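Biologist: Could you take me through this model and tell me what the terms rest on? I would like to see each value set beside its cut-off.

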Amino acid sequence: MLIEPLLPVPACQTPRGGRPEAHPRREIVDALRYLVDTGCKWSALPQDYPPFQTVFGFFSRWSARGVFNLIRDQLRRRIRRSTGTSPHPVAAVIDSQSVKVAATVPRSTSGYDAGKKTPGRKRHVIVDLKGLPLFVMVTPADMHDSVAAREALFRLRLMHPEITIIWADLAYAGKLVDWAKAFLHLTIKTVSRPKGAQGFVILPRRWVVERSLAWLVHARRNVRDYETLPEHSEAMLTLAAITLMTRRITRPTAHPNAAAPRSVAAAQAA
């Protein structure tokens with residue numbers, strides 16, 4: 001009931017008309033979540049689900065229409081309301097992650113990250129201060145973070161005009177800071193490692209997006225990039241985020257009465 005109202009209306013229910021769908025929407029969504037979570041091939045979907053050609057057809061059409069982004073945004077707003085915060089964040093954190101690609105990925109959409117010595121693609125993720133994704137973009141790995149950030153921040157500004165500050169690492173420093181301030185009215189604040197620090201160090205603000213990237217990679221489909229189109233890679237990351245948020249919304253409270261105040265009679269008896 002969380003996702004179904006956000007899906008497009010079936011063609012048979014529109015004024016233009018169309019053929020009734022042969023499989024329930026629930027089975028299509030379950031098949032997509034299974035594929036993202038287990039990382040199997042499209043053709044390896046179990047027979048309990050609809051044919052993989054049908055599932056891929058829905059995935060391709062919904063991805064092109066931005067359906068997954070709509071579901072992600074609606075779930076994020078719901079989670080933020082449930083925690084007592086505004087559904088529209090004013091601050092965000094940006095970071096990137098380089099991953100290897102499968103042999104079937106065309107070279108025209110992949111590259112080589114010389115800094116991390118990783119051939120493949122790069123994921124640029126922007127999250128709010130709770131770690132919930134706001135925007136996802138996939139580029140070749142040889143594209144520098146500051147270059148990709150111009151496109152990412154521009155599109156973020158169009159979708160979320162209320163955001164005023166972005167936290168980032170030193171890769172986003174320099175001319176990007178002045179450009180974002182002048183053209184997008186965004187303040188980019190960089191966070192650097194403490195002087196003399198060795199090994200792993202938890203950095204303020206930056207740990208939020210790094211944790212979110214780790215969450216997304218828990219879905220096996222996102223451990224490596226298998227998608228021919230970068231848009232489909234973005235959809236796979238968004239589907240993983242949707243699964244995480246639906247679990248958070250439907251998760252039962254471990255101690256539902258733990259925060260409830262005691263009655264006057266119970267307090268006096270104590």
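Modeller: Gladly! A residue is called buried under 20% relative accessible area, exposed over 50%, and partly exposed in between, using a 1.4 Å probe and protein chains only. This is a predicted model, where local features need pLDDT of at least 70, side-chain atom pairs count only at pLDDT 80 or more, and totals for chains, interfaces and linings use all residues. Residues are numbered from 1 along each chain as its sequence is written, and side-chain values use heavy atoms, leaving out hydrogens and water.

Biologist: Why is Asp145 called buried?

Modeller: Its relative accessibility is 9%, so Asp145 counts as buried, given that the cut-off is under 20%.

Biologist: What makes Asp145 and Lys122 a salt bridge?

Modeller: The term asks for a side-chain nitrogen of Lys or Arg within 4 Å of a carboxyl oxygen of Asp or Glu. The closest N and O atoms of Asp145 and Lys122 are 3.2 Å apart, so the pair fits that rule. Asp145 lies in helix α4 and Lys122 in strand β3 (residues 118-128), so the bridge ties together parts that are 23 residues apart in sequence. Helices (H or I, at least four residues) and strands (E, at least two) are DSSP runs, numbered from the N terminus.

Biologist: Is Lys122 buried or exposed?

Modeller: Lys122 has a relative accessible area of 6%, so this residue is buried.

Biologist: What makes Glu210 and Arg206 a salt bridge, and how are the two placed in their helix?

Modeller: Their N to O distance is 3.7 Å, so the pair passes the limit of within 4 Å. They sit four residues apart in helix α6 (residues 206-217), which means about one helical turn separates them.

Biologist: Which class of exposure does each of these two have?

Modeller: Glu210 has a relative accessible area of 32%, so this residue is partly exposed. Arg206 is at 15%, so Arg206 is buried.

Biologist: Which residues do salt bridges with shared partners join into one network?

Modeller: Arg72, Asp73 and Arg76. Within that group, the side chains of Asp73 and Arg76 meet at 2.8 Å, N to O. Both of these residues lie in helix α3, three residues apart, about one turn of the helix, and both are buried.

Biologist: How many salt bridges does a search of the whole structure find?

Modeller: That search finds eleven salt bridges.
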